[in-house]
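Visitor: I am new to this structure and would like to be walked through it. Please show it to me before we start.

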Amino acid sequence: MDDATPVTARRPGRRRDESKDDAILQATRELLAERGFDGMTMDAVADRAGAGKATVYRRWPSKVQLTVDAIVCTPGIPTTADDIPDTGSLRSDLLSVRFGRKRSDDAELMSGVMSAVRENPDVAAAFQQQFVRSRVSLMRGLLERAQERGELRPDVDLDMVSAVAPAMIAYRKMVAGQRVDDAFVEQMIDSVILPLVTGP
């Protein structure tokens, strides 16, 4: 008879509850829209989301990172080229991207965030590193799709062109403090982006 001490399997750690993440991010968006960045607190987010303070701080150690993640993960904002239907042309694909244009239900949210971006260097740095970088990646995906369709010149520098639209949007919103509307987006696409990739 084997009298060796039986080995007890280690119980796996508790799996992260993604639904709680969604609730926290949604609470953050609501409070940003209602109170702005300065008026939003981590404690208020926890209370609104029905989560413990420790849960919020464990996932997002800083208010800045929580704010940026809440914006990046806003429902309806595409994050990759796969989120944009393939319309068959680069121009139509680009017009399908919101490029920061405000819907009526998130106008107050983005207004509060842009105010914080202009006034708080930490928010501005995090926003540029994460949100703007995600838009550059999205643009590159759309350009690669157009390249596969044969729409682009063979010598196009995809890395450079991918950064043009996000840079223009970021400057207009964060530096100039101006709205990004349909007219601006169409002019940017027709006067800047398309000539860069299809012109002589």
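What follows is a set of questions and answers.

Visitor: What kind of model is this, and what pLDDT do local features need?

Guide: Residues are numbered from 1 along each chain as its sequence is written, and side-chain values use heavy atoms, with hydrogens and water left out. The model is predicted; side-chain atom pairs count only at pLDDT 80 or more, totals for chains, interfaces and linings use all residues, and local features need pLDDT of at least 70.

Visitor: Which residues does UniProt list for "DNA-binding region"?

Guide: Positions from UniProt are given in the numbering used here, feature names are shortened, and annotations may be inferred rather than shown by experiment. The end C-alpha atoms of the span lie 12 Å apart, and the span is 75% helix and 0% strand. The unreviewed UniProt entry lists residues 41-60.

Visitor: Which residues of helix H2 are buried?

Guide: Helices are DSSP runs (H or I, at least four residues), as are strands (E, at least two), numbered from the N terminus. Buried means under 20% relative accessible area, exposed over 50%, and partly exposed in between (1.4 Å probe, protein chains only). Just after H2, Gly50 takes a positive phi of about 70 degrees. Within H2, residues 42-49, the buried ones are Met42, Ala44, Val45, Ala46 and Ala49.

Visitor: Where does the largest nonpolar core lie with respect to domain 1 and domain 2?

Guide: A nonpolar core is a set of buried Ala, Val, Leu, Ile, Met, Phe, Trp, Tyr and Cys residues joined through side-chain atoms within 4.5 Å. The largest has 30 residues, and those touching the most other members include Ile24, Val45 and Val113. Helices H1 (18-39), H2, H4 (63-72), H6 (107-119) and H7 (121-148) each give two or more residues to this core. Domain 1 (17-63) and domain 2 (76-198), with bounds from an automatic or database domain assignment, both give residues to this core, so it lies between them.

Visitor: Is Val113 buried or exposed?

Guide: Val113 is found in helix H6. Leaving aside neighbours within four places in sequence, Val113 is in contact (heavy atoms within 4.5 Å) with Leu32, Ile71 and Phe127. The relative accessible area of Val113 is 1%, so Val113 is buried.

Visitor: How many residues apart in sequence are the two ends of the salt bridge between Arg149 and Asp86?

Guide: A salt bridge is a side-chain nitrogen of Lys or Arg within 4 Å of a carboxyl oxygen of Asp or Glu. In this pair the closest N and O atoms are 2.6 Å apart. Arg149 lies in the loop between H7 and helix H8 (158-175) and Asp86 in the loop between H4 and H5, so the pair ties together parts whose separation in sequence is 63 residues.

Visitor: Which residue of H7 forms a salt bridge with Asp93?

Guide: Asp93 is found in helix H5, residues 90-95, and counts as buried at 0% relative accessibility. The partner is also buried, with a relative accessible area of 13%, and N to O the distance is 3.2 Å. The two are 52 residues apart, and the one in helix H7 is Arg145.

Visitor: Which residues are linked with Asp93 in a network of salt bridges?

Guide: A search of the whole structure finds 13 salt bridges. Asp93 is linked in a network of salt bridges with Asp86, Arg145, Arg149 and Glu151.
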